[in-house]
Structure formats: structure tokens, C-alpha cells
Amino acid sequence: MNDDPEQLDRHVEDLLHDRKPERTPLSDEDALRARQTAAMLRAAKPGAGLPSKEFVERMQASIGGWVGEHSAQPQPAPRPSRRSLLLTGAAGIAAGVAAAVGVGRLMPKAAAPSLNQALVENGAWKPVKALADLPQGTPIAFRSGAIEGFLIRQGDEVKGLSAVCTHMGCILNYSKFRNQFECPCHGATFETSGRPTDQYDTPLPRLPSLQVRIERGQVEVYSV
Amino acid sequence: MGEDKTGGAALFASPAKVVSLPQAAAPSGQDHLTWAYQTHVTAIYQYIYSRVGNRPDAEDLTAQVFMKAISGMRNDVSVPELRSWLYRVAQTTLADHWREYYAEDAGELDDDVTRPPAPRENPEAVHRVDALLATLPESYRRVLELRFLRGYSVRETAQELSLSETNVKVLQFRALNRAGRERGRMS
């Protein structure tokens, strides 16, 4: 079908109002490219393109529920049911899911309920910095395996904090000027103790501490 | 000092400072998948949003990506592996979306979705748009800026540009088609 200005404008209007555009079969590559370009432009509008808090929380609950089901029943695990998504219209999940990657066990087996639910399980100690390289009191960012965090030296002790914002999971920056962690996504802020300092409707959780030890002058983090 | 607690993981920087990790809010705790989700949901959502340009599709597709990805994920992936795995799933999900939604026959993919994405895609999105707009003739650039970046309605755009509403739609049509071809050339 050939494209025309009216049809394309209906598509644009849908995007501008954050509506799902009408399904329009197109054989013309230009018409498809025009729509992809419209999407790119739409996303460039200041403030567009961030997930809503409701969506992020709903998804998180779905994933948590799925994890719960599968850690409780370690039989060969089916993929997530559509219903577990709790989302409208999320079709196509079933297609080719497990094909592309080696499927491993997802969760360590039913970890005994522990009060210290750790960020990392089945990991190893990994050296990340020399103690001598850490300044007193100033957080230093590091990344090791799956962990992104900050190390803060106080005397000869070192504290580790996760650098993942507890709002929506962006990686925090440290502002030396304001001596706090700042989220580039939605502006959440945390003291260097990990305590949240911003005014959200529901207070954010603290930044989780990381497991840190010092071995022969090397600061090591328990990581995967 | 004690080398170990349950699970073989608890040793802290100083024995006097054993910090208990805060209780995670979710009943399932801070497991690997939840962590993977939290650290990447915003980036993946933005990646998808910049390709579909609307919230309902972006939410559906993001949900699909995570549900596909976690069902195939090992629990010992590194951050770079995880990131590229999520983006790869996002790409194939988007390709399927375009195919199902728009193509009359499942033909070739748009090259945009087969190319590996830049790891830090979103901070660059604005620059990519600027670069694209800079390739366009003035009138095309104006109409796209007014409609998309400033959110003008067709009527407002018509007033601003002293055109009829029909002409605005035609101009927008030509501008998007031209920009789409320029984008193909740039990529």
C-alpha cells in the first residue's frame, strides 16, 4: 500500500499523544523508514522516553514473581507465562526465547531464608583497588564483574556501596562538589552513607552495602 | 576473624563493621534477575522508545525483552555480557515488531535493528537527531522541529509557518521521508 500525508500524520499524531499507532501494512521501505524516523524524533523531545514508575514497578513485581516460582520449583523451567506479565497486549513472548543463549540455572537453589540477603550469590572475591590508592572519605567508583559500586575509605576501613540507583536502576554519579551521589536519570540523590535525600512520594530504599574486604593491601569486593 | 557465614559470602572490610545488607523491598529479595532488571530497565526502555516512539509499544516490547532475556540467562553473566545480551534481545524483538506491524511480507530487516547498538545509546540520541536535522532543507527541519521537538499541533504549525494544514501534512510527509532516507545513508 502506498503511503500518503494523511496516513502518516495519523501515525505522527498517535506518537505525539503516546498512543499505540494503528497497524498499517506497508510494503514501501520509505514509508517504514519515515515511521522509524518519526519515532526517533518523538523520543528526542525533552522528557520523552523514560519509563513510568508504575510500569517499572509492575515489571519488577512480575520478574520477582517469576523468580519466586522458579526458585521454588527447580524442575525444568517453562518460560514466563503471558499472564505473569500483567501487561496488556504483550504478545510474542513465546517466540524463540531460549534459542540464542546457553540456558543455565537461573537461581541458586532455594537459599535458606537469610536476613542478610546478599546482592551477590555464588560469587568470588575480586580485587578492585589498592588500599593505598583510595583517598580518605571520597567515594571512588569501580566496576567488577556484575557489580558497579563506590568504595569509601575511612581510616583503614573501606565501605562498599552499590552505585545502582534504587529508584529505577540507573548508575549513580558522585558529585564531589555536593558530596553526594546523584542519579542522571531522575535526579535522585543519596548521602555518601547510602541514605536517600530526595523527596519522592514513597521514600527510596537506601543504597545496598557491598561486601568488601582488604587482603594484603588490596581492596576486594565480593562479585560475580 | 570468621571467614564465613551461611552461603560462604559474608566477610566485611572490618570485623567491627559487619554491615547487614538492607532487606530488599521485594519479597523475593535482591536476586540476580531483579538486579539485572533494575540496572537495565531504563536504558532498554529508552532504547526501545527511541525506535517505536510511543509508550504502549515501548512498555509491551520492554516487557517482552526482559521476559525473553531472563528465561535464557545464566546467573553468572558479567555486566558487559548482560548488556549485550539484553540489547540483542531488544533488537530481535524490535525487528519482529516492525515485521509484524508494518510489513506485508516478512521481508528484509531495516539495517537499523541489525546493527549492534552503542553501549551508551541514549545520551547520544539528541545528538543523532541534531545531526539528522542538519542534513535537511530549512523548511523540512522547521516542520519537524515544531511538530516533534516542540509538540505543536498541525494547526499551530500551520499558523507558525503560514501554510494550510494540508500543506503542513504534505511538508511533514516529505520531511520524514527525506529524513528517513538520510538516516539510512548515515547508518
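In chain A of this predicted model, the loop between β9 (212–215) and β10 (218–223) holds R216(A). The backbone at R216(A) adopts a positive phi of about 45 degrees, although this residue is not a glycine. R216(A) has 8 other C-beta atoms within 10 Å and is therefore exposed, given that a residue counts as exposed if 12 or fewer such atoms surround it.

A positive phi is also found at D18(A), where the value is near 55 degrees, again in a residue other than glycine. D18(A) is placed in the loop that links α1 (5–16) to α2 (29–44) of chain A. Because D18(A) has 15 C-beta neighbours inside 10 Å, this residue counts as partly exposed, a class that lies between the limit of 12 or fewer for exposed residues and that of 20 or more for buried ones.

The two loops belong to a chain in which three helices and 10 strands are found. Along the sequence of chain A, the elements follow the pattern α-α-α-β-β-β-β-β-β-β-β-β-β, so that the helices precede the strands. Of the 224 residues in chain A, 39% are buried. When contacts in chain A between residues at least 6 apart in sequence are considered, 45% of them join residues at least 24 apart.

Among the strands of chain A, β5, β6 and β7 form an open sheet of three strands, with the order β5-β6-β7 and antiparallel pairing. The edges of this sheet are β5 (173–175) and β7 (189–190) of chain A, each of which pairs on one side only. Strand β5(A) is joined by three bridges to β6 (residues 180–182) of chain A, and the two run antiparallel. Within this pairing, Y174(A) has F181(A) in β6(A) as its bridge partner.

Helix packing was examined next, both between the chains and within chain B. Two packed helices are described by the angle between their axes and the distance between the axes. Between the chains, α2(A) packs with α6(B) at an angle of about 60 degrees, and their axes are 8 Å apart. This angle makes α2(A) oblique to α6(B), and the crossing of the two helices is right-handed. On the side of α2(A), the residues L41(A), R42(A) and A44(A) take part, and they meet L144(B), F148(B) and L149(B) in α6(B). The residues of this contact of α2(A) with α6(B) comprise five nonpolar, no polar and one charged.

Within chain B, helix α6 (residues 138–149) packs with helix α7 (residues 154–161) at an angle of about 140 degrees, the axes being 10 Å apart. The helices α6(B) and α7(B) are therefore oblique to each other, since only angles over 145 degrees count as roughly antiparallel. The crossing in which α6(B) passes α7(B) is right-handed. From α6(B), the contact draws on R142(B), V143(B), L146(B) and R147(B), while α7(B) contributes T157(B), E160(B) and L161(B). By character, the residues of the contact of α6(B) with α7(B) divide into three nonpolar, one polar and three charged.

Methods: Residues are numbered from 1 along each chain as its sequence is written. Chains are lettered from A and ligands numbered from 1 in the order in which they are written. This is a predicted model: local features need pLDDT of at least 70, side-chain atom pairs count only at pLDDT 80 or more; totals for chains, interfaces and linings use all residues. Two strands pair if DSSP finds at least two bridges between them. Helices (H or I, at least four residues) and strands (E, at least two) are DSSP runs, numbered from the N terminus. Axes are lines fitted to C-alpha atoms, for helices over the stretch in contact, and angles run from 0 to 180 degrees between N-to-C directions. Angles under 35 degrees count as roughly parallel, over 145 as roughly antiparallel, 65 to 115 as roughly perpendicular and the rest as oblique. A crossing is left-handed if the near helix is turned anticlockwise from the far one by less than a right angle, and right-handed if clockwise. Two residues are in contact if their C-beta atoms, placed from the backbone, lie within 7 Å. Ala, Val, Leu, Ile, Met, Phe, Trp, Tyr, Cys and Pro count as nonpolar, Asp, Glu, Lys and Arg as charged, and the others, Gly among them, as polar.
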